[in-house]
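Open your viewer and get ready to click along. We will make a few stops together, one selection at a time.

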Amino acid sequence: LACGCSPGGRSLTCLAFPVPLAVFLTGSDRIPIYGMSSLRIIIQSTPSGEQYLPVAHTCYNLLDLPKYSSKEILSARLVQAIDHYEGFSLA
């Protein structure tokens, strides 16, 4: 992912996320109280096929990411998931 993240073991320390990706992963458009460097995103591989979209578990900052055969498919599926993200609505 070209999101400005640096590896930190099994999680990522996120320094410069694009806003739509941050909202998709965290469920919030607000910066964490301790700053973006305090945000830990966990990306885990799932056994689902290429036809499936990535799934964000916002309470845990966890991204389930199917194994895609190319960066182009990964990018297309991630953009599609972000574009169709509805978020939480109390209305």
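**Stop one: a pair of rings**

Select Tyr85, which is partly exposed because its relative accessibility is 27% (buried means under 20% relative accessible area, exposed over 50%, partly exposed in between, with a 1.4 Å probe and protein chains only). Before going on, note that this is a predicted model, where local features need pLDDT of at least 70, side-chain atom pairs count only at pLDDT 80 or more, and totals for chains, interfaces and linings use all residues. Residues are numbered from 1 along each chain as its sequence is written, and side-chain values use heavy atoms, leaving out hydrogens and water.

Now add Phe24, which is buried at a relative accessible area of 5%. How many aromatic pairs are there? The count is one, where rings of Phe, Tyr and Trp (its six-membered ring) pair if their centres lie within 6.5 Å. The ring centres of Phe24 and Tyr85 are 5.7 Å apart and the planes meet at 85°, so this pair is edge-to-face (planes over 60 degrees apart; under 30 is stacked, the rest tilted). The pair links distant parts of the chain, 61 residues apart: Phe24 sits in helix α1 (residues 19–26), and Tyr85 in the segment after α2 (71–83). Helices (H or I, at least four residues) and strands (E, at least two) are DSSP runs, numbered from the N terminus.

**Stop two: an annotated cysteine**

Next, select Cys59, in the loop between β4 (55–57) and β5 (62–66). Is Cys59 buried or exposed? Its relative accessibility is 72%, so Cys59 counts as exposed. An unreviewed UniProt entry annotates Cys59 as "active site"; such annotations may be inferred rather than shown by experiment.
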